[in-house]
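Biologist: Please take a close look at a single part of this model, one strand and what surrounds it. I would like one connected account.

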Amino acid sequence: QVQLVESGGGLVQAGGSLRLSCAASGRTFSRSAMGWFRQAPGKEREFVATTTWVGGNTYYADYTDSVKTRFTILRDAKNAVHLQMNSLKPEDTAVYYCAAGDRNTNSHNNSEYDYWGQGTQVTVSS
């Protein structure tokens, strides 16, 4: 019964911003990993960012190099994860997927996650 519901995708011009959100239901993920992956046309699914629980309400955030100065991954108290995307570039165009794990994984491998959202399209025009 676990579901991840995504929102926030859309079409923006280069340099613009979007905020993706993913709301989880069916279980609490406060002590396990939640993150984001993306897949561009003709390419493999790529790690973007993840959050790993380290105690209390504190999480360790990790990013792929191409986004780490522009994107911010956020956890909140409503069993949700967000991705604030600033200074968007055309190469960020992809379907973005929310992912969550039963375990507190720090993996960049999509096979280590147990639940997935439906995907939301992000298109950045030049």
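Modeller: I start at the hairpin of β4 and β5, where six residues lie between the strands and Gly-42 takes a positive phi near 75 degrees. Bear in mind that this is a predicted model.

The two strands of that hairpin are β4, residues 34–39, and β5, residues 46–55. Their pairing is antiparallel and runs over five bridges. One residue pair fixes the register for inspection: Met-34 has Thr-51 of β5 as its bridge partner.

Strand β4 also pairs with β9, again in the antiparallel sense, and here six bridges join the two. Within this pairing, Phe-37 is bridged to Tyr-97 of β9. β4 therefore has bridges to β5 as well as to β9. As for its surroundings, five of the six residues of β4 are buried, so the strand is largely enclosed by the rest of the structure.

Strand β9 covers residues 94–100 and contains Cys-98, which leads to the disulfide. A search of the whole structure finds one such link, and it joins Cys-98 to Cys-22 with an S to S distance of 2.1 Å. In general terms, a disulfide is a covalent bond between the sulfur atoms of two cysteines. The dihedral about the S-S bond is -75 degrees, which makes the link of Cys-22 and Cys-98 left-handed. Cys-22 sits in strand β3, residues 18–25, so the pair ties together parts that are 76 residues apart in sequence. Both ends are enclosed: Cys-22 is buried, with a relative accessible area of 1%, and Cys-98 is buried at 0%. The cut-off behind that word is a relative accessible area under 20%.

Past β9 comes the loop between β9 and β10, the latter being residues 115–116, and Thr-105 is found in this loop. Although Thr-105 is a loop residue, it counts as buried, with 13% relative accessibility. A polar atom of the Thr-105 side chain lies 3.0 Å from the backbone nitrogen of Ser-107. Setting aside neighbours within four places in sequence, Thr-105 is in contact with Ala-33, Thr-52, Glu-112 and Tyr-113. Of these contacts, Thr-52 belongs to the residue range of β5, which brings the account back to the hairpin partner of β4.

To trace this part on the screen, begin at Gly-42 in the hairpin, follow β4 across to β9, and continue through Cys-98 to Cys-22.

Conventions: Residues are numbered from 1 along each chain as its sequence is written. This is a predicted model: local features need pLDDT of at least 70, side-chain atom pairs count only at pLDDT 80 or more; totals for chains, interfaces and linings use all residues. Side-chain values use heavy atoms; hydrogens and water are left out. A disulfide is a pair of cysteine sulfur atoms within 2.5 Å. Helices (H or I, at least four residues) and strands (E, at least two) are DSSP runs, numbered from the N terminus. Buried means under 20% relative accessible area, exposed over 50%, partly exposed in between (1.4 Å probe, protein chains only). Two strands pair if DSSP finds at least two bridges between them. A polar contact is a pair of N or O atoms within 3.5 Å; within protein, one must be able to donate a hydrogen and the other to accept it, and residues adjacent in sequence count only if both atoms are side-chain atoms. Contact means heavy atoms within 4.5 Å.
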